[in-house]
Amino acid sequence: MGKRIIIQPVSRIEGHAKVTIQLDDLGNVADTRVNVVELRGFEKFCIGRPVEELPRIVTSICGVCPWSHHLASAKANDAVFGVTIPPAGKKLRDLCNSIAYTEEHILHFFFLSGPDFVMGPDADYSVRNVIGIAQANPEIGKKVVRNRHLGTQMLDIISGKSIHPVTAVPGGFSKPLTQKERDKVLPMAEEVLEFAKFSIAFAKENIFPKYLDTVKVLGVFNSGFMGTVSEDGALNVYDGKLRLMKPDGSFTDFAYDSYTDFIAERVEEWSYLKFPYAKSWGEGFSMDVDNPKGIYRTNSLARINVADKMATPLAQKEFEEFRAKFGRPAQLTLLYHWARLIELLYNAEHAVELLNDPEITSRETRVPVTPRAARGVGCVEAPRGTLIHDYETDDKGLITNLNLIVGTTHNNAPINMSVNQAAKLLIKDGKYDQGILNRVEMAIRAYDPCLSCATHNLDGRLPVRIDIVDSEGILINTIQN
Amino acid sequence: MDYLEKEILVLGCGNILFGDDGFGSEVIQYLQKNYNVPSNVYVDDAGLSVRTILFNIVLSEKKPRKIIIVDAVDLGKPAGSTFHLDVDEMPEIKCDDFSMHQVPTSNLLKELKNFCKVDVKIIASQVQYIPEEVSLGLSNVMRDSIPSACEMILKEMSPL
């Protein structure tokens with residue numbers, strides 16, 4: 001009689017997910033599914049609203065990466081209004097984006113994924129968590145808090161509000177940066193850069209070598225990748241063109257507003273979240289781990305794979321080392337963590353670079369806009385993947401149509417596939433324990449999924465609960481932390 | 001402002017996109033508009049980002065003496081009634097809002113109270129209805145309870 005294992009919710013991801021592992025009569029994995037609950041009614045809520053309200057409204061979608069939504073929405077507004085924003089406005093948005101990245105990547109590496117590596121995947125749950133890692137490494141804990149807090153302070157100074165930002169407006173940035181503010185922020189950014197250097201050196205010396213065997217097997221499958229690059233092919237997290245790479249490394253570049261020519265969104269009856277896939281490859285959609293079709297990934301590893309180079313010197317050095325070790329495209333799922341640290345370094349360098357740019361304190365940060373009937377697509381690389389805001393307005397500037405594809409949604413199929421691969425690899429003959437189930441979760445955490453954008457759960461829950469039910473639906477065992 | 005430097009933090013929580021769930025945010029906006037907040041108090045509409053702030057405080061050497069959380073709950077009380085709630089009385093439905101999914105049997109508020117010895121106060125108001133789809137704005141009874149929630153916050157701000 002087949003069994004079903006349910007992990008709900010998956011711990012240490014932003015938002016909530018439920019993993020169902022269906023075993024066959026022999027106790028081997030027959031199928032797996034990762035479910036999330038989608039935020040409902042947002043599109044309908046936006047219809048008829050003035051498009052310029054959207055950059056402020058969308059920050060309430062997600063408490064984790066409000067800056068990404070804020071900026072993607074502001075860029076979609078620019079496109080709707082048909083304006084080119086002043087260089088200083090663009091640089092201030094770019095600066096805020098990079099600072100927000102450093103906060104997010106530090107949090108993820110040290111405290112969301114870190115416990116798996118620092119404490120070990122088999123360590124007891126009571127210590128394999130944020131408190132455990134802080135107690136085991138108090139100096140690192142202090143540095144993490146210090147540097148994340150510096151990020152918050154910098155965003156407060158630059159934009160006035162770090163949590164619910166309002167300064168990216170249609171046509172630019174509403175608050176010019178004064179020379180005095182720049183002088184206050186620059187040393188903070190330099191301190192974060194020092195921590196970014198420490199972080200990647202620490203990981204390369206103490207973390208990655210110990211887990212290379214796990215990296216080589218867990219959650220692994222071959223896919224394509226998508227991310228944003230500048231015109232010269234350098235990784236860019238604020239602006240550029242989208243690059244869609246096939247598993248063989250060949251790629252196509254396209255403008256944001258033609259994304260519907262390259263990507264389609266598939267609906268599966270068992271999931272609220274859509275499954276984007278590369279329709280331009282003409283092979284359809286399949287999540288068969290051994291023979292995937294139309295599957296591409298986003299987020300840090302994807303961005304590193306699609307980029308020809310990095311735009312800052314220290315990140316470029318790390319990029320070259322990474323590519324020499326793992327090739328292009330690198331397919332090992334846990335390499336998302338390594339790629340994330342290269343991005344941390346890039347964004348820290350980029351923030352310092354922007355603050356040293358004399359144009360950053362220009363008073364010319366925005367241009368006026370006039371409502372019109374138009375379609376506008378705004379896109380940024382959110383820490384968790386490509387974020388697309390697609391708006392249409394009438395001649396009064398009121399929203400008539402809206403589509404959002406959030407970063408984690410692009411990775412919906414890949415997350416399902418990595419869980420499937422990991423479960424099949426680890427669960428044999430019906431034997432599993434907490435360590436094995438945590439390794440299955442690790443395959444998900446590599447993607448740093450943020451399901452908050454797509455989730456508004458009202459049901460109560462325990463942090464992790466595994467229900468084992470037989471094929472008749474009768475509960476035969478429960479494991480909880 | 002630097003919340004790690006303040007003696008008392010007042011944090012409004014919830015999602016304004018889901019009707020009465022936005023109570024905490026609305027209270028903070030009312031408080032900032034209608035009251036003079038002492039200089040030793042940090043007041044913020046934390047919205048959905050409260051975990052970020054609590055996470056930093058849990059790990060920080062500097063901690064506030066008191067944290068006042070303002071939030072909407074559904075405990076079957078009369079809609080719009082406003083009351084104090086102990087951290088341990090937080091319904092599971094809400095505990096998740098205060099967890100980074102780091103601590104399996106606890107959450108950041110409990111960490112702050114039990115291990116960091118911060119005085120955690122929760123001022124909660126009973127929702128009338130939380131919509132399943134995005135819908136802006138509080139119900140009338142929740143809106144009417146905002147001033148009394150502010151008075152409760154002010155009492156908590158009083159010196160030791």
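Here are some notes on this predicted model, for someone opening it for the first time.

1. **Confidence in chain A.** Let's start with how far to trust the coordinates. Chain A averages a pLDDT of 86, with 86% of its residues scoring at least 70. Residues 11-15 of chain A are a weak spot, with pLDDT below 50, although the model gives this stretch 34 contacts beyond near neighbours in sequence. Residues 453-466 of chain A also stay under 50, and here the model has 60 contacts beyond four places in sequence. I'd go easy on those contacts: where pLDDT is low, the predicted coordinates should not be read in detail.

2. **Confidence in chain B.** The mean pLDDT of chain B is 84, and 88% of its residues reach 70 or more. Which helices mark the lowest and highest confidence in chain B? The low end is helix H3 (residues 92-95) of chain B, with a mean of 59, and the high end is helix H5 (residues 140-144) of chain B, at 96. Then there is the run of residues 101-106 of chain B, where pLDDT stays under 50 and the model shows 26 contacts beyond four places in sequence.

3. **Chain A in outline.** Chain A has 481 residues, and 64% of them count as buried. Its secondary structure comes to 15 helices and 16 strands. If you take the contacts in chain A between residues at least 6 apart in sequence, 68% of them join residues at least 24 apart. The accessible surface of chain A is about 16600 Å², and carbon and sulfur atoms account for 50% of that.

4. **A four-stranded sheet in chain A.** One sheet to look for in chain A is open and has four strands, in the order E8-E7-E6-E11, with mixed pairing. At its edges sit strand E8 (251-254) and strand E11 (296-297) of chain A, each pairing on one side only. Strand E6 (residues 224-229) of chain A runs parallel to E11(A), and two bridges join them. To find the spot on screen, go to A:Gly224, which stands opposite A:Tyr296 in E11(A).

5. **A:Val352 and its neighbours.** Now move to helix H12 (residues 335-355) of chain A, which holds A:Val352. Is A:Val352 buried or exposed? Its relative accessible area is 11%, so A:Val352 counts as buried. Leaving out residues up to four places away in sequence, A:Val352 touches A:Leu186, A:Ala189, A:Glu190 and A:Leu193. Take A:Glu190 as an example: 162 residues separate it from A:Val352 in sequence, yet their C-alpha atoms are 6.3 Å apart in space.

6. **The five-stranded sheet of chain B.** Over in chain B, five strands make an open sheet in the order E2-E1-E3-E5-E4, with mixed pairing. Strand E2 (41-47) and strand E4 (82-85) of chain B are the edge strands, each pairing on one side only. From one strand to the next, the twist averages 20 degrees. Helix H6 (residues 146-157) of chain B lies across E1, E2, E3, E4 and E5 of chain B, and runs at about 35 degrees to E4(B).

7. **How E3(B) pairs.** Strand E3 (residues 66-73) of chain B is a good place to follow the pairing. As a reminder, strands of a sheet pair through backbone hydrogen bonds, either parallel or antiparallel. With strand E5 (residues 119-126) of chain B, E3(B) pairs in the parallel sense over eight bridges. Two spots to check are B:Ile67, opposite B:Val120 in E5(B), and B:Ile68, opposite B:Lys121 in E5(B). E1(B) and E3(B) also pair in the parallel sense, over five bridges, and B:Ile8 stands opposite B:Lys66 in E3(B).

8. **How enclosed E3(B) is.** How many residues of E3(B) are buried? Eight of the eight are, so the strand is largely enclosed by the rest of the structure. The residues point two ways: B:Lys66, B:Ile68, B:Val70 and B:Ala72 go one way, while B:Ile67, B:Ile69, B:Asp71 and B:Val73 go the other, and all are buried.

9. **Cysteines.** If you're wondering about disulfides, a search of the whole structure finds zero over all chains. Two cysteines to look at are A:Cys46, which counts as buried because its relative accessibility is 0%, and B:Cys150, which is buried too, at 0% relative accessibility.

Notes. Residues numbered from 1 in each chain as written. Chains lettered and ligands numbered in written order. Predicted model: local features only at pLDDT ≥ 70, side-chain atom pairs only at ≥ 80, totals over all residues. Heavy atoms only, no water. Pairing = 2+ DSSP bridges. Axes fitted to C-alpha atoms, helices over the stretch in contact; angles between N-to-C directions. Contact = heavy atoms within 4.5 Å. Buried < 20%, exposed > 50% of the residue type's maximum accessible area, 1.4 Å probe, protein only. Areas by Shrake-Rupley, 256 points an atom, 1.4 Å probe, with all protein chains shown as cover. Disulfide = S-S within 2.5 Å. pLDDT = per-residue confidence, 0-100.
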